[in-house]
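Reader: I should like to learn how a helix and its neighbouring loops may be read from a model. Would you please take me through one?

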Amino acid sequence: LQEAILPPQEFINKHISNNFILYKPKDLVAGDFYWAENICNLFFIAAADSTGHGVPGAMVSVVCSNALNRTVKEFGLTITGKILDKTRELVVETFEKSASEVKDGMDISLLCIDSKNKKITWSGANNALWYVQNNSLITIKPDKQPIGKTDNPSPFTTHEIEYKDGTMFYLFTDGFADQFGGEKGKKFKYKQLEDLLISNNSLALSEQRNLLNQKFENWKGNLEQVDDVCVIGVKI
């Protein structure tokens with residue numbers, strides 16, 4: 001079930017050859033998932049974190065992934081902010097059918113690459129976007145609201161990013177930064193992840209993935225993995 005909603009690596013490679021995906025579920029199945037689609041010469045890729053992990057998280061991720069698919073295929077939306085708006089509507093609609101109030105949903109970082117017209121857009125729900133140009137890391141902050149039921153929802157922002165060949169984009173969930181470990185059993189934190197990505201962004205993407213995986217395992221040591229982990233790197 002989990003593998004069925006994840007896009008094949010061959011599909012991603014076909015549309016964006018320079019990429020890596022570090023995907024480490026905490027359990028056999030996960031709340032984190034990654035998503036990719038190609039519509040009208042636009043390539044979409046996302047890292048998403050559904051509520052929970054294990055079997056409950058995996059069930060929510062199926063609902064959220066299906067909502068993303070419907071949004072671009074059935075409703076034909078291609079603007080990232082509008083995609084997240086519609087996805088939230090579909091997710092809330094699904095859970096409203098429950099007798100009890102369900103506040104499940106997801107956080108997401110959604111990137112769209114328009115190679116033909118040299119345009120890049122991005123939208124995020126609680127998950128930021130990092131990208132590296134000239135060895136400087138730039139952060140685009142997400143909208144502070146989930147894809148799901150929330151008080152005072154507002155439309156998601158669509159950010160347009162300057163298209164520069166050689167730019168390295170990173171999409172991620174919170175699992176890597178929240179992992180406890182090291183000598184003092186502390187969280188890894190985003191600053192350390194940021195430094196790690198900046199110092200290695202010029203390496204081949206397979207090497208970047210291996211270094212991230214090695215760093216995570218070394219940091220975790222003998223401690224339990226606390227959450228699902230998903231980090232995506234894309235170079236244009």
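Author: Helices here are DSSP runs of H or I with at least four residues, numbered from the N terminus. The model is a predicted one.

Reader: Which residue follows helix 6, and what is its phi?

Author: Helix 6 comprises residues 205-220. The residue that follows helix 6 is Gly 221, and its phi is positive, near 55°.

Reader: How far apart are the end C-alpha atoms of helix 6?

Author: Helix 6 has 16 residues, and at 1.5 Å a residue they should span 22 Å. The distance in the model agrees with this expectation: the end C-alpha atoms are 23 Å apart.

Reader: Within what arc do the buried residues of helix 6 fall?

Author: The buried residues are Leu 205, Gln 208, Leu 212, Phe 216, Trp 219 and Lys 220. They line one face of the helix, because, seen down its axis, they fall within an arc of 95°.

Reader: Which elements cover the buried residues of helix 6?

Author: The cover includes several strands, among them strand 1 (19-24), strand 10 (168-172) and strand 13 (229-235). A helix also takes part, namely helix 5 (190-200).

Reader: Is Asn 41 buried or exposed?

Author: Asn 41 lies in the loop between strand 2 (32-39) and strand 3 (42-50). Its phi is positive, near 65°, although the residue is not glycine. Exposed means over 50% relative accessible area; Asn 41 has 53%, so it is exposed.

Reader: What is the relative accessible area of Asn 134?

Author: Asn 134 is placed in the loop between strand 6 (129-133) and strand 7 (136-140). It is not a glycine, yet its phi is positive, about 55°. Asn 134 is exposed, with a relative accessible area of 70%.

Technical notes. Residues numbered from 1 in each chain as written. Predicted model: local features only at pLDDT ≥ 70, side-chain atom pairs only at ≥ 80, totals over all residues. Heavy atoms only, no water. Helix = DSSP H or I, 4+ residues; strand = E, 2+ residues; numbered from the N terminus. Expected span 1.5 Å × (residues − 1). Buried < 20%, exposed > 50% of the residue type's maximum accessible area, 1.4 Å probe, protein only. Arc of directions from axis to C-beta. Contact = heavy atoms within 4.5 Å.
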